[in-house]
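Dear colleague,

Please find below the structure that I am handing over to you, together with its sequence. My findings follow directly after it.

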Amino acid sequence: MNVRAVAANILFQVVDKGQSLSTALPLGQQQVKPRDQALLQEICFGALRILPRLESVASELMDKPLKGKQRVFHHLILVGIYQIGYMRIPAHAAVGETVEATKELKGPRLRGLINAVLRNYQRNQDELDQQSISHNAGKYGHPGWLLKLLQQAYPQQWEQIVEANNTKAPMWLRVNTRHLTRDDYKALLDKAEIESTLHPEAQDALKLTTPCDVTNLPGFEQGWVSVQDAAAQLSINYLTPQEGELILDCCAAPGGKTAHILERTQQSQVVAIDSDANRLKRVHDNLQRLNLKAEVICGDARYPEDWWQGEQFDRILLDAPCSATGVIRRHPDIKWLRRGEDIAALAELQKEIMDAMWQQLKSGGTLVYATCSITPQENREQVIAFLQRTDNATLIGSEVDNPGRQILPGENDMDGFYYAVLKKA
């Protein structure tokens, strides 16, 4: 199919229908030639990063918005504007291919409109681009509620966070130390002329200077390496799993942290639980590729009595459901799918899961609370409230009035993440 047609439909599914880009993009990539998949991804990610700017330009160039069955053509216009304004595609090719996409989207009568809008943008690009950043949403590429939250929570750093959110995320690798050391794997990358750098804290992490297809990575199919952000890899530093322990990875999908625990321990028993059966398929796939074994369970973490009748756990990694505001650079659709009111609902869910998991932890055991969020309500405030209501909980490695560690997006080129270590008396 025409790449622009597929891109327009993906944006329509995400922005208008609320579908996640992680779901819509892979389905769309199946509809285009393999050589066009990277182009499709670039258009979709890029357009979602600066969506308010594109919407601003489109509204200036159109007498009235396209509605109903014509909405997909609105997104086709956004695709055209993005190509002309922000990609290296020659303008005539961007316009021609975008107009051509009307055939596959079954709207040939709109060819003239779309051609006129895009040609008009070409002629007045500087003026329209300048106007598109005259308001905060366009300037910063974030919805108002999120921008306000960041400004209140991080008055000194919010602009750096916004900038990090709007950049492309690097490709981090996690070396499977059951097979070889990080230094040995780096040598293999060097031999393959794949440039990489080490992370100062995450002991198994390598950052690729230029992202590449996983099939080009030495030993990927043999399970020597996985793709995982360095911030997520730090979970092992805080969990510190030991041999022979019973360990729970709670809310485990897609399984990267489960695999990391198993890669670091030879005789531990690991249980991975998640409430999403579809996402658990990824856990199974990852474990199979890495030749690792864990007990994988589908269940609601709030009600462990429904899925666990075994003994209490030595360690629990609770990677709680969250707003994912720390990984916006990897998932730009989060900015437009999340709502301000979601934060309170997620915080309540996190509270319920924390209390339930605490009952599943042995005396003397360790629970690591983690999120890929940067909102204080889900992180620091969540842990403070837990400590206030839980007499037998002790915070490890940080101060009670400022518990845990908040990693902000872009710090050491990592995603935004939060960790707090709690010990059961």
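I begin with the aromatic residues. Tyrosine 419 is buried, with a relative accessible area of 1%. Please bear in mind that this is a predicted model. Phenylalanine 417 counts as buried too, at 5% relative accessibility. A search of the whole structure gives seven aromatic pairs. In one of them, phenylalanine 417 and tyrosine 419 are stacked, with 5.3 Å from centre to centre and 25° between the planes. Ring pairs also join Tyr238, Phe417 and Tyr419 in a cluster.

Phenylalanine 417 leads to the annotated cysteine. The unreviewed UniProt entry lists Cys372 under "active site". Cysteine 372 is located in the loop between strand 9 (361-371) and helix 19 (380-389), and with a relative accessible area of 17% it is buried. Beyond the residues up to four places away in sequence, cysteine 372 touches Cys322, Ala324, Thr325, Gly326, Val327, Gly416 and Phe417.

Glutamate 378 is found in that loop between strand 9 and helix 19 as well. Which side chain of opposite charge is nearest to glutamate 378, and how far away is it? It is arginine 338, at 6.7 Å; glutamate 378 is buried yet has no salt bridge. A salt bridge would require a nitrogen-oxygen distance within 4 Å. The side chain of glutamate 378 does make polar contacts, one with the side chain of serine 323 at 2.6 Å and one with the side chain of serine 373 at 2.6 Å. Apart from neighbours within four places in sequence, its contacts include Cys322, Thr325, Ile343, Leu346 and Tyr369. Cys322 and Thr325 thus appear among the contacts of cysteine 372 and among those of glutamate 378.

The same unreviewed entry in UniProt assigns the feature "binding site" to Cys251, Ala252, Ala253, Pro254, Gly255, Gly256, Lys257, Asp274, Asp300 and Asp319. I examined two of the aspartates.

- Aspartate 274 lies in strand 6 (residues 269-274) and counts as buried at 7% relative accessibility. Its side chain reaches the backbone nitrogen of alanine 253 at 3.2 Å. Setting aside neighbours within four places in sequence, aspartate 274 is in contact with residues including Cys251, Ala252, Ala253, Arg279 and Ile297.
- Aspartate 300 is in the loop between strand 7 (295-298) and strand 8 (313-319). With a relative accessible area of 26%, aspartate 300 is partly exposed. Not counting residues up to four places away in sequence, it touches Ile273, Ser275 and Trp307.

Turning to charged pairs, the count comes to 24 salt bridges. Aspartate 413 and lysine 207 meet in one of them, at 2.8 Å from N to O. This pair links distant parts of the chain, 206 residues apart: aspartate 413 is in the loop between strand 11 (405-407) and strand 12 (417-424), and lysine 207 is in strand 3 (residues 205-208). Aspartate 413 counts as partly exposed at 27% relative accessibility.

Arginine 329 also forms a salt bridge with aspartate 413, the closest N and O atoms being 3.5 Å apart. Here arginine 329 comes from the loop between strand 8 and helix 17 (334-337), and the partners are 84 residues apart. Arginine 329 counts as buried, at 2% relative accessibility. A network of salt bridges links Lys207, Asp229, Arg329, Arg330, Asp413 and Asp415.

Elsewhere, the side chains of glutamate 311 and lysine 362 meet in a salt bridge of 3.4 Å, N to O. Glutamate 311 lies in the loop between strand 7 and strand 8 and lysine 362 in strand 9, so the pair ties together parts that are 51 residues apart in sequence. Glutamate 311 is exposed, at 53% relative accessible area, whereas lysine 362 is partly exposed, at 24%.

Arginine 182, in helix 12 (residues 182-191), is buried yet has no salt bridge; aspartate 183, the nearest side chain of opposite charge, is 4.7 Å away. A polar atom of the arginine 182 side chain lies 3.3 Å from the backbone oxygen of histidine 199, and the side chain also reaches the backbone oxygen of glutamine 203 at 3.2 Å.

Finally, phenylalanine 45 in helix 3 (residues 37-49) counts as buried at 15% relative accessibility. Leaving aside neighbours within four places in sequence, phenylalanine 45 is in contact with Leu21, Leu25, Arg330 and Pro332. Among these, Arg330 also belongs to the salt-bridge network.

With kind regards

Methods. Residues numbered from 1 in each chain as written. Predicted model: local features only at pLDDT ≥ 70, side-chain atom pairs only at ≥ 80, totals over all residues. Heavy atoms only, no water. UniProt positions renumbered as here; feature names shortened; annotations may be inferred. Helix = DSSP H or I, 4+ residues; strand = E, 2+ residues; numbered from the N terminus. Buried < 20%, exposed > 50% of the residue type's maximum accessible area, 1.4 Å probe, protein only. Contact = heavy atoms within 4.5 Å. Polar contact = N/O pair within 3.5 Å; in protein donor to acceptor, adjacent residues only side chain to side chain. Lys, Arg positive; Asp, Glu negative; His and termini not counted. Phe/Tyr/Trp six-rings, centres within 6.5 Å; stacked < 30°, edge-to-face > 60°.
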